[in-house]
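Trainee: I should like to take a close look at one part of this model and then see how its surroundings are arranged. May I put the request once the structure is in view?

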Amino acid sequence: HVTHVRRLVEAAERASLQAAGRRQLLDAAEAEAVGRTEDLHAAHQTVESTVQAYSHSVRAYVDGLSAIVLGIGLDEFASISEGWARSMSGDSPVRVALEATAVEVLDRVGRERATAEHEEEQVANELAQTHTEIAALEAGRYSEPPSAPGRDHRTRAHRQGSPLWQLTDFADSIPEFERAGIEAALQSAGVLDAWIFPDGTAQVDGDVVLGPNGPKAGKSLASAMIPDARHESAVGTTAIIAVLERIGWGEASGAAIWVDHHGRWGSGPARGSWYKERAEFIGAGAREVHRLEMLASLQSLARALEAKRADARQRVANAERKAADARAERDAYPVQLERALESAHDRVATAQLEVERAQLKISEASKAWKSAAQAVDHATEELADQAAQLGVSTKAAKIDATLTAISAYAEALAEVRSSA
């Protein structure tokens, strides 16, 4: 029975050692939990400092925008950005607004550039045509009257003859204002650029022709106009005069077609009138004055077109600069701080998981320690009860001494019995 008590002592000692080990594990779990909690606190502090840095950076960034103008006030943006930085819910509202506005700006600037480029192209074409006309005038070519309907200039290029305005001049006695009225009447009536054949042909398809048709007028245009001797043509003076003699000078002439120096004209039942400041096409002198005036006008137009083209080019350059500025501002958004926020929030989430794991370890270690402590209590109680029944100590050394004494007594008794 004492041996049984000795085994109970050993069991109690083992239970105590196991309980002490469990307690050490619990202490280690609690220490780890303290460290994990400190890590979580540090992670939250990192988030807070990163939130402040992001909010400050976004405020400075939005305040510095010029090419991209966001439709929300600076303080409201700062508040929105800070709220998002703390929650990290969805995409950054600042970046979303920035991207949307940048797209609008780049689209608008792109349209401005396209419009300016189109205008530059149109102006360049008009300028090239103007320079061509200037070159022709500088080379001595005279401008021609605007072509009236019914003229096929392709066929004129390959036929003999000339238009009326090239073949005639005004008599010296006709003053400038009357010359302007006569030319205006002839141009309005549609005969200024009518064709005259050398042989007097008065009928041709696809053109308007003047010839010696009908009777001479009693008072004719021949009194105010004469053949232009300086113009080289196959049309002779006789053919020119024959035409002039059949155009009446004034309505009182009774001619089938007539003009006067007031710009009025008549042809059968038709009447018309027009006004010009000066003659431009009849007579070499008038044509030269008109050439110089046209040259000056075209040179002025060329300068205006050059300025217009330069303005269009400047608007293209401005659009390119605006687009570059918008892209630069868009790309300058502090996206690296968004990544820092994501990393900081990830560290908080990780630290929180570690705290939860540490708490779970504490819970498991606490249960194990409590179970071990209960086993110690049970072993101690059983040891005390058995030792009390036998009247022995609960200490191993004393029990061992008792067992030694019992063994010695047993041996002595056995010797006595054997000697008797």
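Trainee: Which ring does the charged end of R23 sit over, and how many Å from its centre? Please begin there and continue to the aromatic pairs, the helix packing and the sheets.

Mentor: The model is a predicted one, and what follows should be read in that light. The charged end of R23 is placed over the ring of W369, at 4.9 Å from the ring centre. A second arrangement of this kind involves R159, whose charged end sits over the ring of W195, 5.8 Å from its centre.

The aromatic pairs come next. The count of aromatic pairs is three. One of them joins Y61 and Y333: the ring centres are 5.8 Å apart and the planes stand at 75°, and because an angle over 60 degrees counts as edge-to-face, the pair is put in that class. Y61 belongs to helix 1 (residues 2-63), while Y333 lies in the loop between helix 8 (284-331) and helix 9 (335-390), so this pair links distant parts of the chain, 272 residues apart. Y61 and Y333 are both buried. Another pair is formed by W165 and F281, with ring centres 6.1 Å apart and planes at 65°, and is therefore edge-to-face as well. W165 is in helix 5 (residues 164-167) and F281 is in the loop between strand 9 (270-273) and helix 8, so the pair ties together parts that are 116 residues apart in sequence. W165 has a relative accessibility of 4% and so counts as buried. F281, with a relative accessible area of 3%, is buried too.

Helix 1 also holds E38. With a relative accessible area of 52%, E38 is exposed. The C-alpha atoms of E38 and A351 are 9.2 Å apart, although 313 residues separate the two along the chain.

Helix packing can be followed at helix 9. A pair of packed helices is described by the angle and the distance between the axes. The axes of helix 2 (residues 74-87) and helix 9 come within 9 Å and cross at roughly 35°. On the side of helix 2 the contact is made by W84, A85 and R86, and on the side of helix 9 by E338, L341 and H345. These contact residues divide into three nonpolar, one polar and two charged.

The sheets complete the picture. Strands in a sheet pair through backbone hydrogen bonds, in either the parallel or the antiparallel sense. One open sheet has four strands in the order 6-7-8-9, with mixed pairing. Strand 6 (248-249) and strand 9 stand at its edges; each has a single partner strand, so one side of each is left without a neighbour in the sheet.

Strand 7 (residues 257-259) and strand 8 (residues 264-267) pair in the antiparallel sense over three bridges. Within this pairing W258 stands opposite G266, and V259 has W265 as its bridge partner. Four residues lie between these strands in their hairpin, where G263 takes a positive phi near 90°. Strand 8 and strand 9 are likewise antiparallel, over four bridges. Here W265 stands opposite G272 of strand 9. The hairpin of strand 8 and strand 9 has two residues between the strands, and G268 there takes a positive phi near 60°. Helix 6 (residues 176-189) lies across strand 6, strand 7, strand 8 and strand 9, and runs at about 35° to strand 8.

A further open sheet has three strands in the order 1-3-4, also with mixed pairing. Strand 1 (162-163) and strand 4 stand at the edges, each with a single partner strand, so one side of each has no neighbour in the sheet. Strand 3 and strand 4 pair in the parallel sense over two bridges. The bridge partner of W195 in strand 4 is V209, and the ring of W195 is the one over which the charged end of R159 sits.

Strand 3 and strand 4 bear in turn on helix 7. The buried residues of helix 7 (residues 237-244) are A239, I240, A242, V243 and L244. What covers them includes helix 5, strand 2 (168-170), strand 3 (195-196), strand 4 (209-210) and strand 5 (225-227).

Conventions. Residues numbered from 1 in each chain as written. Predicted model: local features only at pLDDT ≥ 70, side-chain atom pairs only at ≥ 80, totals over all residues. Heavy atoms only, no water. Phe/Tyr/Trp six-rings, centres within 6.5 Å; stacked < 30°, edge-to-face > 60°. Buried < 20%, exposed > 50% of the residue type's maximum accessible area, 1.4 Å probe, protein only. Lys NZ or Arg CZ within 6 Å of the ring centre and 35° of its normal. Axes fitted to C-alpha atoms, helices over the stretch in contact; angles between N-to-C directions. Contact = heavy atoms within 4.5 Å. Nonpolar A, V, L, I, M, F, W, Y, C, P; charged D, E, K, R; others polar. Pairing = 2+ DSSP bridges.
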